[in-house]
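Open the model in your viewer and keep the selection tool handy. We will go from stop to stop, and at each one you will find what to select and what is there.

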Amino acid sequence: MAGPSSSWSRALVQISPYTFAAVGIAIAIGVSVLGAAWGIYITGSSLIGAAIKAPRITSKNLISVIFCEAVAIYGVIVAIILQTKLESVPASQIYAPESLRAGYAIFASGIIVGFANLVCGLCVGIIGSSCALSDAQNSSLFVKILVIEIFGSALGLFGVIVGIIMSAQASWPSKGA
């Protein structure tokens with residue numbers, strides 16, 4: 001390989017594809033849980049504040065917190081799927097192009113799912129906060145805003161779908177090669 005020893009292209013082919021795969025799996029679950037926690041924080045604080053004015057909203061607005069929690073579950077599911085994509089490869093095949101492609105595919109899948117779920121958690125949290133505050137003022141707005149929140153939670157599912165499609169590219173070299 002030509003070029004300086006500190007070039008990015010050299011680093012990308014000398015880091016183990018298993019490391020890339022492990023980092024992708026960690027990002028999928030870690031960033032998804034961060035998105036869920038952030039969404040729950042945003043929704044929960046507004047829900048508790050609005051419940052001071054209208055205690056009746058507490059139980060029905062917990063659905064917003066459940067939508068936020070679903071974001072973390074999406075990350076866990078994808079992390080399990082990505083973990084099953086890992087295969088043992090002979091030492092001579094670790095840096096083969098097929099191994100690198102598999103590691104990068106799992107890494108990319110984890111990045112996509114993690115950050116899609118981070119944004120989804122924020123989206124659902126903000127809408128859930130608005131739902132709680134609006135419901136405290138006018139109970140007829142609850143269902144209308146809940147429909148918007150469902151559309152917001154679909155963002156996380158889109159990330160999961162794209163992540164699964166990306167992870168389908170992960171095929172490790174056969175042991176007989």
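Start by selecting residues 107–166: this span is 93% helix and 0% strand, and its end C-alpha atoms lie 9 Å apart. Helices here are DSSP runs of H or I with at least four residues, strands are runs of E with at least two, and both are numbered from the N terminus. Now add residues 24–82, where the chain is again 93% helix and 0% strand, with end C-alpha atoms 8 Å apart. UniProt, in an unreviewed entry, places the feature "domain: V-ATPase proteolipid subunit C-like" at residues 24–82 and 107–166; such annotations may be inferred rather than shown by experiment, feature names are shortened, and positions follow the numbering used here.

A word on the model before we zoom in: it is predicted, with local features needing pLDDT of at least 70 and side-chain atom pairs counted only at pLDDT 80 or more, while totals for chains, interfaces and linings use all residues. Residues are numbered from 1 along each chain as its sequence is written, and side-chain values use heavy atoms, leaving out hydrogens and water.

Next, show the side chains of Arg56 and Asp135. They form a salt bridge, with the closest N and O atoms 3.4 Å apart (a side-chain nitrogen of Lys or Arg within 4 Å of a carboxyl oxygen of Asp or Glu). Arg56 sits in the loop between α2 (17–53) and α3 (57–60) and Asp135 in helix α5, so the pair ties together parts 79 residues apart in sequence.

Is Asp135 buried or exposed? Asp135 is buried, at 0% relative accessible area, whereas Arg56 is partly exposed at 43%. The cut-offs are under 20% for buried, over 50% for exposed and in between for partly exposed, with a 1.4 Å probe and protein chains only.

Add Lys60 to the selection: Lys60 and Asp135 meet in a salt bridge too, at 3.5 Å from N to O. This pair links helix α3, home of Lys60, to Asp135 in helix α5, 75 residues apart. Through shared partners, Arg56, Lys60 and Asp135 join into one network.

Staying on helix α5, select Ser99. Ser99 is buried, with a relative accessible area of 0%. Beyond its neighbours within four places in sequence, Ser99 is in contact (heavy atoms within 4.5 Å) with Pro17, Val89, Gln93, Ile94, Trp172 and Pro173.

Finish at Leu141, in the loop between α5 (97–137) and α6. Leu141 is partly exposed, at 30% relative accessibility.
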